[in-house]
Every structure is written in structure tokens, then in C-alpha cells.
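Student: I have a structure to go through and would like to understand the labels people attach to it. Could you show me how each label is earned?

Tutor: Happily; let's take it region by region.

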Amino acid sequence: MNNQLNWDYPQPFIHGLRVDQSAIDRLNHVNNAKYLEYLEQAAWAHAEALDAGWSLYRQLGTVVVAHRHEIDYLKPARADDELSVGTWCTGHDGRLRLRRHYQIIRPADRATLVRAVTYWICVDLQTGRPKRLPAEFIRAYAPLDGAPGFA
């Protein structure tokens with residue numbers, strides 16, 4: 001089913017989830033802050049799939065931390081909705097910054113609910129100070145072919 005969805009970019013890493021009642025707010029839909037958690041879950045799952053998860057971060061003493069999120073909320077999700085969170089590494093500057101795009105689709109009606117971008121900064125795990133992207137990160141987080149340029 002996920003291959004038939006209208007993804008913004010080819011070959012997404014897909015993290016599936018079911019909306020829990022705890023995500024629902026007073027408007028009877030998923031709270032906007034909860035979507036940020038969904039994006040983070042997808043990013044970590046993708047990093048692990050790329051062999052660039054927490055164990056590599058610790059080994060290198062280097063992590064990436066969120067610098068900026070841009071989230072467009074297009075349609076609401078409700079309790080018990082099944083969602084597919086697609087994510088792609090779409091760029092890095094070769095020095096400090098990475099970019100990751102996301103798209104959340106509800107497969108039941110093929111509706112895109114959210115589009116988002118996160119800009120990440122590479123930092124030293126101990127000091128929290130900016131640190132050059134290690135070669136392992138540049139390889140693991142290689143930009144998607146055809147992705148927009150890094151600005």
C-alpha cells in the first residue's frame with residue numbers, strides 16, 4: 001500500500017504508527033505538538049536503518065540536534081488513524097548542517113496530512129559545541145538524488 005501513496009520524493013523511509021487516544025486534543029484531533037514527536041520517531045528509526053543511530057553517535061562523540069523545524073499542517077488525524085511517516089535526507093552543507101524532509105500520509109484515504117522539514121546541526125556530544133560532520137554522517141545522510149539544493 002505504501003508504494004501506491006503519492007510521496008513527494010521517491011523511495012521514502014516509512015515509519016508506520018497508529019494514533020493513540022493520548023495524542024488527541026480538545027478539538028478531537030491530533031495535537032500539533034504530537035506531530036513533532038512523530039517526525040522525531042521517524043528520523044530516529046531512519047537513522048538506525050542507515051546504521052547512523054545512537055551507537056554511532058556515541059562512538060564518534062558527535063550528534064546532530066534539531067536547529068529548526070518547519071511544519072505545514074494540512075489535514076487532521078484522529079484517534080486510531082493509521083499513519084505513514086515518510087522521510088528523506090535531502091541535503092547537507094558538508095560542514096555542520098543536515099536537512100531532512102517528511103510527509104505524513106493517512107493511507108486509508110491517501111491524504112497528505114503534514115509536510116515538514118528539519119534542519120539539524122552537528123555538535124560535539126560532550127560540549128554541545130558545533131562540530132564538523134564526520135565522514136560517517138556525510139555517507140549515511142547522503143542527500144536524495146534530485147533533492148532541492150541546500151541553502
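**Pockets, cores and a few telling residues**

Tutor: The largest pocket holds about 220 Å³ of space. Among the 16 residues that line the largest pocket, Ala43, Tyr57, Val64, Trp120 and Tyr141 are the closest to its centre. Do keep in mind that this is a predicted model.

Student: What makes Trp120 a lining residue of the largest pocket?

Tutor: A lining residue has an atom within 4 Å of a point of the pocket. Trp120 is one of the 16 residues that line the largest pocket, so Trp120 meets that cut-off.

Student: Which elements each supply at least two residues of that lining?

Tutor: Helix 1 (32-49), strand 2 (62-73), strand 3 (82-92) and strand 4 (97-106) each do so. By residue type, the lining of the largest pocket has 12 nonpolar, 1 polar and 3 charged residues.

Student: How many residues of each type line the second largest pocket?

Tutor: There are 8 nonpolar, 3 polar and 1 charged. The second largest pocket has about 180 Å³ of space. Its lining includes Gln11, His46, Thr87 and Arg139. Arg counts as charged, so Arg139 belongs to the charged class of this lining. Strand 3 gives the largest share of the lining, 3 residues, and helix 3 (135-140) is also among the elements that supply at least two.

Student: What makes the largest nonpolar core a core?

Tutor: A nonpolar core is a set of buried residues of listed nonpolar types, joined through side-chain atoms within 4.5 Å. The largest one has 35 residues, and those with the most contacts inside it include Val19, Tyr38, Leu83 and Phe137. Several elements each supply at least two residues of this core, among them helix 1, helix 2 (54-60) and strand 2. Strand 5 gives the most, with 8 residues. There is also a second, separate core of 6 residues, including Trp7, Tyr9, Trp88 and Ile105.

Student: Which residues does Val19 touch, beyond those up to four places away in sequence?

Tutor: Val19 touches Ile24, Val30, Tyr38, Ala77, Arg78, Ala79, Asp80, Asp81 and Leu83.

Student: Asp81 is in that list. Why is Asp81 called buried?

Tutor: Buried means under 20% relative accessible area. Asp81 comes out at 16%, so Asp81 counts as buried. Asp81 sits in the loop between strand 2 and strand 3. Setting aside neighbours within four places in sequence, Asp81 contacts Leu17, Arg18, Val19 and Arg106.

Student: How do you know that Asp81 and Arg106 make a polar contact?

Tutor: The cut-off for a pair of N or O atoms is 3.5 Å. The side chains of Asp81 and Arg106 are joined at 3.2 Å, so the distance satisfies that limit.

Student: And why is His101 called buried?

Tutor: His101 has 14% relative accessibility, which is under the 20% limit, so the label fits. His101 lies in strand 4. Not counting residues up to four places away in sequence, His101 touches Tyr9, Gly86, Thr87, Trp88, Thr90, Ala116 and Val117.

Student: Why is Arg129 called exposed?

Tutor: Exposed means over 50%. Arg129 has a relative accessible area of 60%, so Arg129 is exposed. Arg129 is in the loop between strand 5 (111-124) and helix 3. Arg129 and Thr62 are 67 residues apart in sequence and 9.9 Å apart in space, C-alpha to C-alpha.

Student: What makes Arg110 partly exposed?

Tutor: Arg110 is at 43% relative accessibility, which falls between 20% and 50%, so Arg110 counts as partly exposed. Arg110 is in the loop between strand 4 and strand 5. The side chain of Arg110 reaches the backbone oxygen of Gln4 at 2.9 Å.

Student: What is notable about phi in Arg110?

Tutor: Most residues other than glycine have a negative phi. Phi of Arg110 is near 60 degrees, a positive value. Asn28 also has a positive phi, of about 65 degrees, although Asn28 is not a glycine. Asn28 is placed in the loop between strand 1 (13-18) and helix 1.

Definitions and conventions:
Residues are numbered from 1 along each chain as its sequence is written. This is a predicted model: local features need pLDDT of at least 70, side-chain atom pairs count only at pLDDT 80 or more; totals for chains, interfaces and linings use all residues. Side-chain values use heavy atoms; hydrogens and water are left out. On a 1 Å grid over the protein atoms alone, a cavity is a set of points where a 1.4 Å probe fits but cannot get out, and a pocket is an open set with protein on both sides within 12 Å along at least five of seven lines; lining residues have an atom within 4 Å of a point. Grid points are joined across faces, edges and corners, and a volume is the space filled by probe spheres set on the points. Helices (H or I, at least four residues) and strands (E, at least two) are DSSP runs, numbered from the N terminus. Buried means under 20% relative accessible area, exposed over 50%, partly exposed in between (1.4 Å probe, protein chains only). A polar contact is a pair of N or O atoms within 3.5 Å; within protein, one must be able to donate a hydrogen and the other to accept it, and residues adjacent in sequence count only if both atoms are side-chain atoms. Contact means heavy atoms within 4.5 Å.
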